[in-house]
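Visitor: Let's go through this one together, and I'll keep asking what stands behind each label. Ready when you are.
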Amino acid sequence: MLQVGDEWMYFAVVFLLTLSGTRSATGASVLTASLYVFLVMFRFPPVPLEQASRVLRPNGLSSDVPVVAHRAAGHDAPENTLAAIREASRNGATGVELDLSFTADGVAVLLHDDTVDRTTNGSGPISGLRLAHVKSLDAAARHRLRYGGKIPTLQEALQECIKHSLTIFLNVKCYPDKAAAALSEMYRRHPVLYNSSIVCSFEPKVIYKMRQADPHVVTGLTHRPWSLSRHSDGTPRTPSSWAQFWSELLDVLLDWAHHHLLWDLCGVSAVLVHKDFISLDYVQYWAGRGVEVVGWPVNTAVEKHYYQDLLKISYVTDSLLEDCDPQY
């Protein structure tokens, strides 16, 4: 929840801004009070700290830093496959990050992109392909190691993770209602997931829907500042200076909302933030709110030592074996 001092400050700012715009103390008071009532009625409390700690600091790890394999460490094995999950376990990962998608017939599977083109020998949007066709594709066709693998269903992937006692970071990019329903079913089938998995997303609506479907699930918001206005390499998303200005303004508002409103409304237990924006002060900022910080993608030995020895927080990496370029 918001700290008391923070909460009063935010509502005071809303009141003063509304007052300056409307010149009406009554109107400003009504709007501020309505916002307060909305947050009280519709916010989700976070899961108990003990449960969140079992997920984010598994096996009672208080000093050791948990290491999460991005896309099950897609640099070390074909990403988002059962082979990658097994390889991550062999290489000492504490957990794996997996990307949720859906086939044309509504089956939850693992795939990062909207299409199968980049990672398989097939083509087309995953949402337009039925499971039988998806299962016929070679998920290692374009991987540097080229050894075989298939696109697994969510059920198959979760069973493999449970078998290897891995913490599961379930990344959901879209379809909030469909994802919440599918994941709720998985939690009913495998209650162990409540203490060994976290549902994460860049989309606050996904997390809110998940908390609505099952408030006992550990959740986290994923965030990269300036993601609306700039690509991951820092280049502008649009050549139009006017459109760029507005997208940057939206980025400022989104960043403020993540740090002062959305995390509290959704009741998240963690924030997954791009490594370039994390510092010791930033970690302490969130610790004061009872929220864990997880960095991504941490891919060099220097970065890993920084997270393990100074920040002492979990991080997501594309390789557990060597330095590599990030897979955004």
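Guide: Let's start with a pair: Arg86 forms a salt bridge with Glu160, their closest N and O atoms being 3.4 Å apart. This is a predicted model, where local features need pLDDT of at least 70 and side-chain atom pairs count only at pLDDT 80 or more, while totals for chains, interfaces and linings use all residues. Residues are numbered from 1 along each chain as its sequence is written, and side-chain values use heavy atoms, with hydrogens and water left out.

Visitor: Why is the pair of Arg86 and Glu160 called a salt bridge?

Guide: The term asks for a side-chain nitrogen of Lys or Arg within 4 Å of a carboxyl oxygen of Asp or Glu. Arg86 and Glu160 have their closest N and O atoms 3.4 Å apart, so the pair falls within the 4 Å limit. In general, side chains of opposite charge can pair when their charged atoms come close.

Visitor: What parts of the chain does the pair of Arg86 and Glu160 tie together?

Guide: Arg86 lies in helix 4 (residues 82-90) and Glu160 in helix 6 (residues 154-163), so the pair ties together parts that are 74 residues apart in sequence. Helices here are DSSP runs of H or I with at least four residues, strands are runs of E with at least two, and both are numbered from the N terminus.

Visitor: How do you know whether Arg86 is buried or exposed, or partly exposed?

Guide: Buried means under 20% relative accessible area, exposed means over 50%, and partly exposed is in between (1.4 Å probe, protein chains only). Arg86 has 31% relative accessibility, so the label is partly exposed. Its partner Glu160 has 10%, so Glu160 is buried.

Visitor: What makes Lys135 and Glu156 a salt bridge?

Guide: Their closest N and O atoms are 2.7 Å apart, so they pass the distance test too. Lys135 lies in helix 5 (residues 131-135) and Glu156 in helix 6, so this pair ties together parts 21 residues apart in sequence. Lys135 counts as partly exposed at 25% relative accessibility, and Glu156 does at 29%.

Visitor: How many salt bridges does the structure hold?

Guide: It holds 16. Another one of them joins Glu248 and Arg230, with the closest N and O atoms 3.2 Å apart. Glu248 is in helix 9 and Arg230 in the loop between strand 6 (219-223) and helix 9, 18 residues apart. Salt bridges that share partners also join Arg71, Glu79, Asp113 and Arg118 into one network.

Visitor: Helix 9 again! What makes His259, found in helix 9, count as buried?

Guide: His259 has a relative accessible area of 10%, so it is buried. Leaving aside neighbours within four places in sequence, His259 is in contact (heavy atoms within 4.5 Å) with His223, Tyr282, Tyr285 and Trp286.

Visitor: And why do the buried residues of helix 10 line one face?

Guide: Helix 10 (residues 280-287) has Tyr282, Val283 and Trp286 as its buried residues. Seen down the axis of helix 10, they fall within an arc of 100°, so they line one face of the helix; the arc is that of the directions from the helix axis to the C-beta atoms. The face turned away from that buried side carries the exposed residues Asp281 and Ala287. What covers the buried residues of helix 10 includes helix 9 (241-266), strand 7 (270-274), strand 8 (292-296) and helix 11 (301-311).

Visitor: Which residues touch the most other members in the largest nonpolar core?

Guide: Of its 59 residues, those are Leu98, Leu154, Val199 and Ile278. Such a core is a set of buried Ala, Val, Leu, Ile, Met, Phe, Trp, Tyr and Cys residues joined through side-chain atoms within 4.5 Å. Apart from this core lies another, of 14 residues, among them Val55, Phe169, Leu272 and Val294.

Visitor: Last one: how do you know that Val298 is buried?

Guide: Val298, found in the loop between strand 8 and helix 11, has 0% relative accessibility, so it counts as buried. Leaving aside neighbours within four places in sequence, Val298 is in contact with Lys275, Glu303, Lys304, Tyr307, Tyr315, Val316 and Thr317. Across the chain, 52% of the 328 residues count as buried.
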